[in-house]
Structures are given as C-alpha cells and as structure tokens.
Amino acid sequence: MSAPVVDAGRLLDTDTLGDHVDRLYRAAWALCGSRADAEDLVQDTFARVLAKPRRVHNDNDLAYLLQVLRNTFLSARRTASRRVATVAVPEGYEPVDHSRERRPADVAETREVFGVIAGLSDKFRDALVAVDVVGLSYGEAAALLRTKEATIASRVFRARVQVADAMDPSPAATSARPAS
Amino acid sequence: MTRRDDIPPDAAELARSERGRELVAEAVADPRSMAPAALRESIEQERARAAASARAPARRRFRAQRRRPLAAAGAVAAVLVAVVVVGLIGGGEPGEPAFGRVVAVSRLAPERPAPAVVPGVAPARLNASVEGLHFPDWRERFAWEATGRRDDRVGGRAVTTVAYRNPRGATLGYAIVAGEPIGGAPAGEDVVGGDETYRVAHAAGRTTVTWTQDGHTCVIDAPSTVPDAKLLELASWANV
C-alpha cells in the first residue's frame with residue numbers, strides 16, 4: 001500500500017512580493033474604506049508574511065497574500081471592537097496628500113467606490129474584492145472564501161448591483177430587490 | 001419557498017450589475033488607487049531585511065552605548081576607526097512605526113521651506129527640532145544647505161525631515177522620529193565612532209545611515225553616489 005501523498009507545498013517567493021503591492025493596497029482600501037487604514041493593513045500583512053518562511057500549497061501567491069490580508073483585517077477588526085470607542089474621524093475625511101496632482105471629481109468617485117465596497121456586508125464585500133478588485137477568478141475566489149463557485153458568482157453579481165445603486169441612487173435605476 | 005437566488009435577474013438588474021462592474025473597474029484602474037510610494041519603499045525594505053535575515057547564520061545586536069559629545073573637528077577620524085559588526089536588528093516593537101516607512105518619508109519631497117539658521121550659536125543649527133534635538137546647519141562646515149522640510153506622522157509618531165543639497169546637486173533627507181527609539185533598522189554594517197554606533201545600509205541605489213541620538217531615532221538617507229564616509233561625517237556632526 002502506498003503512503004498517503006502529503007502536499008508539502010513550496011516556499012513563498014519573497015522576491016516577487018512587490019509585484020502584488022498595488023492589488024493588495026486596493027483590496028485593503030476596499031476592506032477598510034480608508035487609505036490610511038489600508039496602508040497600515042498592507043504594512044501589517046507584509047510584516048506578518050515576511051516574519052518567517054511561508055509555505056503555500058498552490059501556484060497563486062496573490063490569493064495567498066489576499067488571504068493573509070483578509071485574516072489580518074478581520075483580526076484587527078475584532079481587536080478594535082473590544083476597545084473603548086474613540087472619537088471618529090469625520091465621514092469622508094482623507095488626509096491631505098500633496099504627493100500627486102489629482103482631479104477632485106475623480107478622486108472623490110474612486111474614494112466613494114472603495115467606501116461603498118467597504119460598507120457592503122462581509123460576504124458580498126469579500127467576493128467583490130477577490131474578483132473585481134484583486135482580479136482572482138471565480139474558482140480562486142471560491143477556494144479562498146471556502147464556498148462554491150456559483151455562490152461567488154451570485155455574490156459578485158449582487159455586490160455590483162449594490163455598488164451601482166449606492167453610486168447612482170435614482171429611483172428608476174435602483175434595484176427593487178432587497179439586499180441580503 | 002422560492003429562494004432569492006433562484007429568481008433570474010431581469011434586464012434592469014443585469015444593467016445595474018454591469019454598471020457596478022464598470023464603476024469598480026474604473027476605481028481599480030485609477031492610478032491614484034495605486035499604493036503610495038512610501039508604502040512601496042517600506043515593504044521593499046522589509047522584504048530586503050527579511051531576505052538578509054534568512055541568509056544570516058545568527059543575529060547579533062550591537063552593544064548599546066552611552067553617547068558622549070563628539071568634537072566636530074575630529075569626528076570623521078573617530079567615526080571611521082572601526083567597522084565592528086555586520087549585524088541585523090529584527091522588527092520593531094508592536095505599535096512602533098515601521099522603520100521602512102520612516103526611511104520612505106525621508107525620501108519624499110519637502111512640503112515647506114527650509115528652516116532658518118539660528119544666528120550666533122555654535123555648533124551651527126537650524127530653527128527646527130524634535131523634542132529638543134535640533135537639525136544642524138551644515139552650510140559653513142560641509143557646504144550642504146537645507147532646502148526644505150516636511151512633517152509626517154508614521155505609526156502615530158511625528159517624523160520631521162529636513163532636506164539638504166550640496167553644491168553638486170546631490171540631495172539627502174535627514175529625519176528625526178519623535179518619542180522613544182524605534183527598532184527594526186535595515187540590515188547593514190555597524191560603524192562605531194566615539195561612543196556612537198551608526199548603521200549603514202545600502203539598497204536600491206540608496207544609502208541609509210541610522211543611529212540613536214538623545215533617545216531619538218535619526219535617519220540620513222541619500223543616493224549611494226554620496227560616499228559613506230561623508231554621510232558618517234555629517235551624521236556624527238549632525239545633532240546638537
């Protein structure tokens with residue numbers, strides 16, 4: 001009788017981690033709803049990943065990194081929920097960033113979209129972030145979120161509707177179906 | 001009972017979903033949704049440090065030393081007396097600003113004019129300080145002139161940076177972190193001068209010199225075209 005095959009995986013290639021920073025930053029922004037928090041989340045994620053050699057069990061480093069990012073986000077959110085509430089920063093506040101010239105309308109819309117995604121319920125947000133923000137396939141997202149591919153497709157579809165409704169809230173355009 | 005997922009979407013809902021997909025795609029394609037330069041720098045340094053750590057057989061911490069004032073004239077000779085340790089320092093304590101982000105902000109362009117020179121004091125200094133630690137005026141002694149400053153917050157700490165330029169156009173950023181010293185300096189060579197230890201690190205065409213002065217982490221970051229000896233000379237003369 002042959003011994004069971006154990007998937008020992010492979011070591012995460014840290015030399016190419018920098019290739020994923022943009023996509024992880026966008027994912028973090030869509031999870032947190034704020035650029036400042038997104039920076040901290042990405043920083044914490046890379047610090048966690050680089051703290052020791054990591055074994056991954058497939059060829060998709062990005063999916064692995066997104067999983068660590070999401071776990072770090074959920075962990076931080078749980079910790080924050082146990083803390084005494086502090087004074088909140090005003091809605092829509094973003095620190096002034098002089099480093100890049102920008103057009104106010106575009107910036108506002110991009111920021112609003114990420115804010116809307118961050119405000120979706122967890123299952124819709126996670127599916128949308130994995131597929132539309134990070135660019136994973138439905139299959140990869142399903143493996144990451146431990147659900148069926150069809151479920152991911154359904155959640156992404158409904159999440160997109162919710163984003164459109166939030167960004168263009170005209171009565172005729174708004175979906176009649178309740179969000180769930 | 002009919003489940004919501006069992007109801008096929010109508011044309012309006014399909015259009016709304018497509019509109020949502022477009023909105024997200026536009027946001028993702030917006031170049032301003034890319035990671036900020038300081039974050040990239042920070043991660044790259046973190047990655048380089050981890051790679052160096054993986055290669056190193058063992059870690060050594062350099063000896064903590066009490067600082068005594070250095071005489072400006074003899075500073076460079078003292079600084080270069082010994083290269084003692086090629087060592088590594090691990091990551092900072094929880095809650096500290098990441099070292100890489102401090103270095104990254106020291107490379108950003110100034111946002112305010114250069115601080116004025118404080119007249120009639122020796123050693124010469126600028127009208128800029130962090131908790132009593134002043135930035136030096138290097139014009140007379142080294143011909144490096146302050147060109148601007150910026151004030152950032154990294155991990156909840158104030159980081160003040162003064163930019164300097166020499167007559168040949170080379171620039172450097174000199175940053176001081178408010179509060180307690182932070183850990184996690186990049187891997188590099190420790191150079192002892194007098195009672196001070198300076199960490200000199202090279203990465204991606206840049207040289208970073210870090211040390212602790214009067215209880216504050218100080219960073220000088222410059223292109224690697226500026227000789228290490230010059231940066232050490234500046235660092236050892238710097239804080240007054």
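**Close-up views of a two-chain predicted model**

**View 1. Getting to know the two chains.** Chain B has six helices and eleven strands. This is a predicted model, so keep that in mind as you look around. Chain B runs to 240 residues, and 47% of them count as buried. Chain A has 180 residues, with 42% counted as buried. In chain A you'll find seven helices and two strands. Walk along the sequence of chain A and the elements come in the pattern β-α-α-β-α-α-α-α-α. Then there's the question of who touches whom along the sequence. Taking contacts with a separation of 6 or more, residues 24 or more positions apart make up 63% of those in chain B. For chain A, the share is 67%.

**View 2. Two helices, one from each chain, cross here.** The pair in this view is helix 5 of chain A, covering residues 122-133, and helix 1 of chain B. As background, a packed pair like this is described by an angle and a distance, both taken from the helix axes. Here the angle is about 65°, and the axes sit 10 Å apart. The crossing of helix 5 of chain A and helix 1 of chain B is right-handed. From the chain A side, the residues that meet the other helix are A:L128, A:D132 and A:V133. On the chain B side, look for B:R21, B:V24 and B:V28. Sort the residues of this contact by type and you get four nonpolar, two charged and no polar.

**View 3. B:D30 sits in a loop and reaches chain A.** Just follow chain B out of helix 1 (11-29), and you land on B:D30, in the loop that leads to helix 2 (37-55). Is B:D30 buried or exposed? It counts as buried, because its relative accessibility is 6%, and the cut-off for buried is under 20%. The side chain of B:D30 has a partner in the other chain: it makes a polar contact of 2.6 Å with the side chain of A:T110.

**View 4. B:R47 is a buried arginine in helix 2.** Still in chain B, we move on to helix 2, where B:R47 lies. With a relative accessible area of 15%, B:R47 is buried too. Which side chain does B:R47 join through a polar contact of 2.9 Å? That would be the side chain of B:E44. Leaving out residues up to four places away in sequence, B:R47 touches A:T14, A:D15 and A:L50.

**View 5. A three-stranded sheet in chain B.** The strands here line up in the order 2-3-4, forming an open sheet with antiparallel pairing. Strand 2 (117-118) and strand 4 are at the edges, each pairing on one side only. As a general reminder, strands in a sheet pair through backbone hydrogen bonds. Two bridges join strand 2 of chain B to strand 3 of chain B. One match to look for is B:V118, whose bridge partner in strand 3 is B:R125.

**View 6. The hairpin between strands 3 and 4 of chain B.** Three bridges hold together strand 3 (residues 125-130) and strand 4 (residues 133-136) of chain B, which run antiparallel. B:R125 turns up again in this view, now standing opposite B:P136 in strand 4. The two strands form a hairpin, with two residues between them. Within the turn, check out B:E131: it has a positive phi of about 50°.

Technical notes:
Residues numbered from 1 in each chain as written. Chains lettered and ligands numbered in written order. Predicted model: local features only at pLDDT ≥ 70, side-chain atom pairs only at ≥ 80, totals over all residues. Heavy atoms only, no water. Helix = DSSP H or I, 4+ residues; strand = E, 2+ residues; numbered from the N terminus. Buried < 20%, exposed > 50% of the residue type's maximum accessible area, 1.4 Å probe, protein only. Polar contact = N/O pair within 3.5 Å; in protein donor to acceptor, adjacent residues only side chain to side chain. Pairing = 2+ DSSP bridges. Axes fitted to C-alpha atoms, helices over the stretch in contact; angles between N-to-C directions. Left-handed = near helix turned anticlockwise from the far one by under 90°. Contact = heavy atoms within 4.5 Å. Nonpolar A, V, L, I, M, F, W, Y, C, P; charged D, E, K, R; others polar.
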